[in-house]
Amino acid sequence: MTKRRIDPVTGTETTGHQWDGIEELNNPLPRWWLWTFYATILFSVIYVILYPAWPLASRATEGVLGWTARNDVAREIAEVDASQAQMREALVTTDLSALDRNEPLLAFATNAGAAVFRTHCSQCHGSGAAGAPGYPNLLDDEWLWGGMIEDIAYTVRHGIRNEADPEARWSQMPGFGDMLSRDEIATLVAHVQALPGGQDPLAGPGGALFESNCAACHGADARGERTMGAPNLTDAIWLYGNSDEQLTDVIANGPFGVMPPWGGRLREAEVRAVAAYVHGLGGGEAPVADGTE
Amino acid sequence: MTDQSTALYAARVPIFPRRVSGHYRRLKWGILIVTLAIYYLTPWIRWDRGPNLPDQAVLVDLANRRFYFFWIEIWPHEFYFVAGLLIMAGLGLFLFTAALGRVWCGYACPQTVWTDLFLVVERWVQGDRNARMRLHQSAWSLRKWRLKLTTWAIWLLIAVATGGAWVFYFTDAPTLARDLVTFDAPRVAYLTIALLTATTFVFGGFMREQVCIYMCPWPRIQAAMMDEGTLTVAYRDWRGEPRGKGLKRREAAESLRITGPQVGGRAPLIPMPGVANTTTAKRQIPEGEDTRPPGDCIDCNACVNVCPMGIDIRDGQQMACITCALCIDACDQVMEKTGRPRGLIDYVALSDAPREAAGGEPIPAWRHAVRPRNIAYFAIWSAVGLALLFALFIRPDIEMTVAPIRNPTFVTLADGSVRNAYDVRLLNKHGDDRAFLLAPSLETDAQAEMEIEGHPGHVVPVPADTQSRVRVYLTAEPGTDMATEAASRVRFWVQDMTSGERAHVDTTFNGSEN
């Protein structure tokens, strides 16, 4: 059966296989291909022994090297973390108000803070930090509790109106729904809406109502009071909006915006980094005495 | 019975090409010297670019993402130049293959060039074809070991030099050469050299035609680009057949001392796909029954003996033929000796066969090369090349990109003014530090203040050969058209404070209507 046979048409040897008179020609493969094939088999056997390979019910065989991709990632993260230890140390010990004079440290803090912001802050304040009704826009130049870098760091560290941190920033605007009549609230809404346009806070039909109910916190000039997180009512920025409905709701029910404290969850270096990032978003305030810019 | 049974795997039979001289051999020497010289010497050419830039004429700086080619410096965002060169390489392959068949394989392919170089060494140490065959068949003796080891040692030296030259393209060559010798070079350099040394040594010394026949996709791809007008190396069977050795012819052949036992291997005959193979069938005619007058081929096997691929070109076009044209030189010598015109094996197009067989005059080779298909390829190829050159010369010296920040599109400030932010990137392509002055130009009547974060004077310094990114704020005053309209046009001007050159980028400003 295996006698050599030459196909008369092509002059090529056949393998001796026939199907309905059709013969298979034999153009032999180079032998080194065969050896290459054996080498790949040998490689796969060694690989299966050394590395994770066979899938089992809940996990795969481990391989004698004990290699996993997770360990690689963990090691790389630890390496990066270790390489940044010095910068973190410097950030924790530095005077934050002087951070803008230390260019490499500021660059490090801004980049690290951007990562912290995207992970922990963007859920409420938005990935672009533009905020949402009730969640302040961090890009503008109005700050409820202060816009200097230390103020921002304190707010991040302790949060606002939360029970978890005794040092949290705290204040509460009462709901005036029980104290004032509907007409009085309507008068106040119209009064407050007119404040940015130059309306005297203490004059006009709403002036008396404002003086007795609002001026204690928002000030007789309606410019707000940062120690109490009371917003400036004379500017163009409205945390909850300035339509009739929105302002009526705020005055009648009293807003109570909560921010959790991050001091326990983030490292101090991360708190400072995110403060530096937010401060650098375009609205950060510099100490008044520092007249360098 | 075993020697009678069919073998499904074949061991490589070594090939011992005979030395040949002639027109095409000289051409190939020239190309070999030029291509090898380019490869080995290019990294050592110096080119002064100033103190902050490398002075290596050709440098692929992967770490800093720069490509230097003499006076040209390519940044990553200009990669379209490389893409354009690749398109030209592709079109060039079409052009050359359509006109001259596998001319790349035969003359310029590194596998061919280095195999040629290794063959020179082999021939120099061990002698020509017959000597090498005898050495191959002889038992392992001291002399055989000495000759083989000398050959391998020289091959290895060439291989190390080849692998070594490659790494010099990627970093400063003199520095790396010093580091390599003192073992201070990075591990990847040694690894790369080792890998390329191994491939050069094995491919050039031992695998040779196996690479072309079994590993390379080129023969398969190129066959699809050839047509009946393509010039390939072919045997004029209508002139040569029936081949044979009358007594007189045998004497002539033996006087040339070019016959000999057929020890060298024959590559398997794989016909080119889609090419009708006429000569194979002709060989089947038993010599005695052929009543035609004898042809010019004296069956001296000179063409087979010089072939680095170990094939018989008289079997017709086949996959294993790299069209190195050495068989043309070999046959021309024999034709001269036997007093017949040259060109029994020659550059011929498929379409020539029927006409010449019928007694027509040969068409000159250049007429085959210059035909509409090739002219079209050449036109497209040149157009791409000219477009690249044009793009290279109009490349601006200053480049700025302005990306408006769209999250959010605008910010309302406490006083009611509207602010937009832009990410501005400034490229300094010079070898010295430069400062750039930035200024906005607005629609008429519009009013807005520009602020650059960290640069109160609106001047941004950019270190040599780098890119700087700054955030630019544009604030429109409250109540102005610009602050309230959905969008207004803004043009940012940038001026190189050193050269005074200016460039601009247009973008938009989003107002509160947005």
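## Where the chains pair up

In this predicted model, B:Tyr9 in β1 of chain B is the bridge partner of A:Leu29. That pairing belongs to a strand match between chains: β3 of chain A, residues 29–30, is joined to β1(B) by 2 bridges, and the two strands run parallel.

## The interface of chain B and chain A

Let's step back to the whole contact between the chains. Chain B puts in 26 residues and chain A puts in 28. Together they bury about 2,500 Å², with carbon and sulfur atoms giving 57% of that area. If you're hunting for salt bridges here, the count is 0. Polar contacts do turn up, though: 14 residue pairs, both partners at pLDDT 80 or more.

Which parts of chain B supply at least two residues each to the side that touches chain A? They are β1 (9–10), α9, β8 (411–412) and β13 (466–476). The largest share comes from α9(B), with 3 residues. By residue type, this side of chain B splits into 14 nonpolar, 7 polar and 5 charged.

## Inside chain B: three domains

Chain B itself comes in three pieces: domain 1 covers 10–223, domain 2 covers 231–375, and domain 3 covers 398–510. Domains 1 and 2 touch each other, using 35 residues from domain 1 and 38 from domain 2.

The area buried between domain 1 and domain 2 of chain B is about 3,000 Å², and carbon and sulfur atoms give 61% of it. Three residues are worth picking out in the viewer: B:Arg18, B:Tyr24 and B:Arg102 supply 21% of the area that domain 1 buries against domain 2, more than any other three residues.

## What lines the domain 1 side

How many salt bridges are there between domain 1 and domain 2 of chain B? The count is 0. Polar contacts between these two domains come to 14 residue pairs, again with both residues at pLDDT 80 or more.

On the domain 1 side, the elements giving two or more residues to the contact with domain 2 are α1 (23–41), α2 (80–100), α3 (103–108), α5 (129–137), α9 (209–215) and α10 (218–223) of chain B. The residues on this side divide into 20 nonpolar, 7 polar and 8 charged.

One element to keep an eye on is α9 of chain B: it gives two or more residues to the domain 1 side facing domain 2, and α9(B) also supplies 3 residues of the side that touches chain A.

How values were computed: Residues numbered from 1 in each chain as written. Chains lettered and ligands numbered in written order. Predicted model: local features only at pLDDT ≥ 70, side-chain atom pairs only at ≥ 80, totals over all residues. Heavy atoms only, no water. Domains from an automatic or database assignment. Contact = heavy atoms within 4.5 Å. Buried area = accessible area lost by both parts, 1.4 Å probe. Salt bridge = Lys/Arg side-chain N within 4 Å of Asp/Glu carboxyl O. Polar contact = N/O pair within 3.5 Å; in protein donor to acceptor, adjacent residues only side chain to side chain. Helix = DSSP H or I, 4+ residues; strand = E, 2+ residues; numbered from the N terminus. Nonpolar A, V, L, I, M, F, W, Y, C, P; charged D, E, K, R; others polar. Pairing = 2+ DSSP bridges.
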